[in-house]
Amino acid sequence: MQTRNVILTAVGAVALGYLINKLIQTQRDVSVVRRKTSREEDVDMTIDDSFPASDPPSWSSGNIH
């Protein structure tokens, strides 16, 4: 009976360690996604702020009317 308890405790500890590792990895993945989103927001804001300067010149055929 004592050997069984030791084995069950060891299996439980391994399972708990696995779950904690998965939780930590998930938190890291979420923070990476948040950082990417923040960077994308910075790029979007920069593009929006430069809107008038980013417009291409209007096309002209060169004919004077």
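## Charged patch

Patches are made of residues with over 30% relative accessible area and no salt bridge (a side-chain nitrogen of Lys or Arg within 4 Å of a carboxyl oxygen of Asp or Glu), with like charges joined within 9 Å and nonpolar side chains (Val, Leu, Ile, Met, Phe, Trp, Tyr) within 5 Å. In this predicted model, local features need pLDDT of at least 70 and side-chain atom pairs pLDDT 80 or more, whereas totals for chains, interfaces and linings use all residues. Residues are numbered from 1 along each chain, and side-chain values use heavy atoms, without hydrogens or water.

A surface patch of negative charge brings together Glu40, Glu41, Asp42, Asp44, Asp48 and Asp49. Asp44 belongs to helix α1, residues 2-49. Its relative accessible area of 45% makes Asp44 partly exposed (from 20% to 50%; buried is under 20% and exposed over 50%, with a 1.4 Å probe and protein chains only).

## Nonpolar patch

Leu16, Ile20 and Ile24 form a nonpolar surface patch, together offering about 260 Å² of accessible area (Shrake-Rupley method, 1.4 Å probe). Leu16 is also part of helix α1, and counts as exposed at 51% relative accessibility.

## Overall fold and surface

The protein has two helices and zero strands (DSSP runs of H or I, at least four residues, and of E, at least two). Of its 65 residues, 0% are buried. The accessible surface is about 6,400 Å², with 62% belonging to carbon and sulfur atoms.

Conventions:
Lys, Arg positive; Asp, Glu negative; His and termini not counted. Charge placed at Lys NZ, Arg CZ, Asp CG, Glu CD.
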